[in-house]
Amino acid sequence: MTEPLISSRHHNRIADLHEEITAWRRDLHQHPEIGFQETRTAAIVAEKLRAFGADQVVTGIATTGVIGIIHGEQDGPMIGLRADMDALPMQEHGDVPWKSVNPGKMHACGHDGHTAMLLGTARILAETRDFAGSVAVIFQPAEEGGGGGGVMVREGLFDVADCTSVWGLHNWPGMPLGQFCALSGPIMAGIDYFDITIKGQGTHAGLPHLGVDTVLAAAHLVTAIQSVPGRNVSPHETATIGVSMFKGSDAYVVMPDEAVIGGSVRYFDSKTRDMAEARIRALAEGIASGFGAEAVIDYRKNYPPTVNHAAETDLAAEVAKGLVGANRVLRESEPCMAGEDFSFMLNERPGNYIWMGTDEPGRNNAMVHYPDYDFNDAAIPVGVGYWLGLVDRLLPRR
Ligand SMILES: [Zn+2]
Ligand SMILES: [Zn+2]
């Protein structure tokens with residue numbers, strides 16, 4: 001196995017464990033479990049943490065979440081390192097030997113890699129203990145839409161582990177292996193969902209004048225909603241609003257009583273979100289009423305934006321620079337319009353969520369959520385080295 005260039009005082013131990021952590025990662029990849037159903041994964045995580053000698057292992061938080069607490073040789077504050085454990089409900093198309101054996105489920109976002117890297121980190125921390133304070137390793141369920149990170153917070157994550165700061169890491173295809181990106185401020189978008197039902201009067205398609213056309217009203221609404229990002233959102237702000245679902249009648253000759261549209265709002269600023277929600281409601285009600293129909297609006301707040309704290313992000317960047325060199329740590333990039341429920345933890349405690357590059361020439365560097373994606377095991381020493389570097393920096397022994 002070729003090692004990427006990392007500079008870490010733990011380098012030798014990380015190299016020793018690289019193959020074993022890779023085997024854990026591939027086993028998790030082969031047995032993917034989706035949100036809140038990560039029972040096998042959580043059992044493996046808890047069993048390994050106990051075997052490593054973690055001082056406390058808490059299971060069953062947010063159904064399948066696991067928290068391990070490891071105390072250092074000296075007293076000090078507690079920090080939280082977080083990994084996500086869930087897979088996606090999609091069919092794997094790659095042909096790796098560790099391909100998913102669970103039909104319709106796949107580790108297409110690299111959470112298998114995140115879990116394995118944090119387990120490897122926990123093992124080294126429990127072996128060495130040469131830090132002042134405590135490390136909580138947080139393994140959360142259901143990042144992919146279920147909001148498991150938020151559920152863990154609501155179910156007392158920070159009562160179990162009173163962290164002074166929290167830290168996240170995501171593998172990032174599109175960036176080369178050995179590169180990091182530490183962005184201050186918003187890095188991932190907030191996401192809301194909406195469903196709007198236009199209720200009217202169904203009729204025979206040949207007798208439109210006897211009904212109230214809900215499909216026509218809904219079609220106008222789809223067009224009008226695009227005026228919100230185009231005309232209401234400040235040119236200096238960002239929001240993406242997409243109607244992705246449209247359901248009318250099942251027959252050519254039947255005009256339906258109801259037409260239903262649904263979609264998402266993605267944003268970085270909560271004022272923009274509140275405005276977008278208000279505009280969507282006003283447009284739905286006004287357009288429906290103009291056509292003699294009625295709008296029933298179900299608007300649901302989902303993930304808040306992931307906003308990195310400035311001081312912690314500077315510190316994360318310093319740790320990454322120490323590991324891979326200053327020229328391989330980006331401090332500027334476009335934030336991503338996808339969501340991330342680590343946001344719920346960052347809303348409670350200061351911290352940072354960093355992107356770690358994984359691309360290598362000649363390798364399948366498929367993007368996350370693609371059916372031929374596979375986490376790059378060559379990134380394992382980089383991720384483990386980053387976590388250990390954070391602990392060295394945040395909890396130095398006196
Ligand atoms: Zn994902
Ligand atoms: Zn992910």
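User: Which spacing do the donors of the zinc ion (ligand 2) follow along the chain?

Analyst: This is a predicted model. The zinc ion (ligand 2) takes its protein donors from Cys109 (SG), His111 (NE2) and His170 (NE2). Along the chain, the donors of this zinc ion follow the spacing C-x1-H-x58-H.

User: How many residues apart in sequence are the parts that His111 and His170 tie together?

Analyst: His111 lies in helix 3, while His170 lies in strand 5 (residues 165-176). The pair therefore ties together parts whose separation in sequence is 59 residues.

User: Are His111 and His170 buried or exposed?

Analyst: Both histidines are donors to the zinc ion (ligand 2), with the protein donors 2.1 to 2.3 Å away. Buried requires a relative accessible area under 20%. His111 and His170 are each buried.

User: Which residue coordinates both zinc ions?

Analyst: The zinc ion (ligand 1) and the zinc ion (ligand 2) are 3.2 Å apart. Cys109 (SG) is listed for ligand 1, and Cys109 (SG) is listed for ligand 2 as well. The residue that coordinates both is Cys109.

User: Is the site of the zinc ion (ligand 1) tetrahedral or irregular?

Analyst: The zinc ion (ligand 1) is coordinated by Cys109 (SG), Glu144 (OE), Glu144 (OE) and His369 (NE2), at 2.0 to 2.8 Å. Angles among these four donor atoms run from 52 to 149 degrees. A tetrahedral site needs all angles between 85 and 135 degrees, so the site is irregular.

User: How many residues apart are Cys109 and His369?

Analyst: The donors of the zinc ion (ligand 1) follow the spacing C-x34-E-x224-H. Cys109 sits in the loop between strand 3 (74-84) and helix 3 (111-128), and His369 in the loop between strand 16 (351-359) and helix 11 (380-394). The pair links distant parts of the chain, 260 residues apart.

User: Is His369 buried or partly exposed?

Analyst: Cys109 has a relative accessible area of 7% and is buried. His369 has a value of 38%. Partly exposed covers the range between 20% and 50%, so His369 is partly exposed.

User: What is the relative accessible area of Thr214?

Analyst: Thr214 is found in helix 6 (residues 214-225). Its contacts beyond four places in sequence include Ile198, Gly200, Pro256 and Ala259. Thr214 is buried, and its relative accessible area is 0%.

User: What separates the C-alpha atoms of Pro229 and Asp55?

Analyst: Pro229 is found in helix 7 (residues 227-232). Leaving aside neighbours within four places in sequence, Pro229 is in contact with Ala239 and Ile241. Asp55 is 174 residues from Pro229 along the chain, and their C-alpha atoms are separated by 50 Å.

Terms used. Residues numbered from 1 in each chain as written. Chains lettered and ligands numbered in written order. Predicted model: local features only at pLDDT ≥ 70, side-chain atom pairs only at ≥ 80, totals over all residues. Heavy atoms only, no water. Helix = DSSP H or I, 4+ residues; strand = E, 2+ residues; numbered from the N terminus. Buried < 20%, exposed > 50% of the residue type's maximum accessible area, 1.4 Å probe, protein only. Contact = heavy atoms within 4.5 Å. Tetrahedral: all angles 85-135°; square planar, octahedral: opposite > 155°, others 65-115°.
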